[in-house]
Amino acid sequence: TYMEKKFPEDISQLPVRLYKLINGENIIAYTHTIDDESNGSLIHVEEPMKVITEPDNHFVLTPWLPFSMGSLHTIEDFNVLLKTDLQDDIKAHYKKIVLDEIQHDQDLLVEQTKLMKGNATTH
């Protein structure tokens, strides 16, 4: 499954970046590679999360593409106003949310499988 990668020992080495898109959205994503092409760059990201800032300056991370089949996506850099590294505490928060969400999805899949099988038990 996705996100089964070797995370660096030091959270500061985690390639999680903030992207401010030209449409105003802010996303945080695990950044794989940036491919430079003659007509621009393609940014390959995994598990992008949209940053929603609340009036009290707290923020919430929600899946950027919640109905997507995959977790890997490509952003063309002309859609990006700026990209920046994040503070370590934000990287840790992102990592916890994404990994917890993946675990939740796997647990949900197990539960749905049990339901489909009718939770068969023998007596």
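A residue counts as buried when its relative accessible area is under 20%. With that cut-off in mind, the tour of this predicted model may begin.

**First stop: strand β3.** Please select residues 40-53, which form strand β3, and then E46 within that strand. The relative accessibility of E46 is 4%, so this residue counts as buried. Add H32 to the selection: the side chains of E46 and H32 are joined by a polar contact of 2.6 Å.

Next, select E47, which also belongs to strand β3. Its phi is positive, about 50 degrees, although E47 is not a glycine. E47 has a relative accessibility of 15% and therefore counts as buried.

**Second stop: the loop after β3.** Proceed to N57, in the loop between β3 and β4 (59-63). Here too a residue other than glycine has a positive phi, with N57 near 70 degrees. Is N57 buried or exposed? N57 is exposed, because its relative accessible area is 65%.

**Third stop: the largest nonpolar core.** Select L14, V16, I28, Y30, M49, V51, L61, L86, I90, Y94 and V98; these eleven residues make up the largest nonpolar core. Two or more of its residues come from each of β2 (26-37), β3 and α1 (88-116). Helix α1 gives the largest share, three residues.

Within this core, centre the view on L61. Neighbours within four places in sequence set aside, L61 is in contact with I28, M49, K50, V51, H93, Y94 and I97.

**Last stop: another core.** Apart from the core just visited lies another, of nine residues. To locate this second core, select I43, V45, I75 and V80, which are among its members.

Definitions and conventions:
Residues numbered from 1 in each chain as written. Predicted model: local features only at pLDDT ≥ 70, side-chain atom pairs only at ≥ 80, totals over all residues. Heavy atoms only, no water. Helix = DSSP H or I, 4+ residues; strand = E, 2+ residues; numbered from the N terminus. Buried < 20%, exposed > 50% of the residue type's maximum accessible area, 1.4 Å probe, protein only. Polar contact = N/O pair within 3.5 Å; in protein donor to acceptor, adjacent residues only side chain to side chain. Core = buried A, V, L, I, M, F, W, Y, C linked by side-chain atoms within 4.5 Å. Contact = heavy atoms within 4.5 Å.
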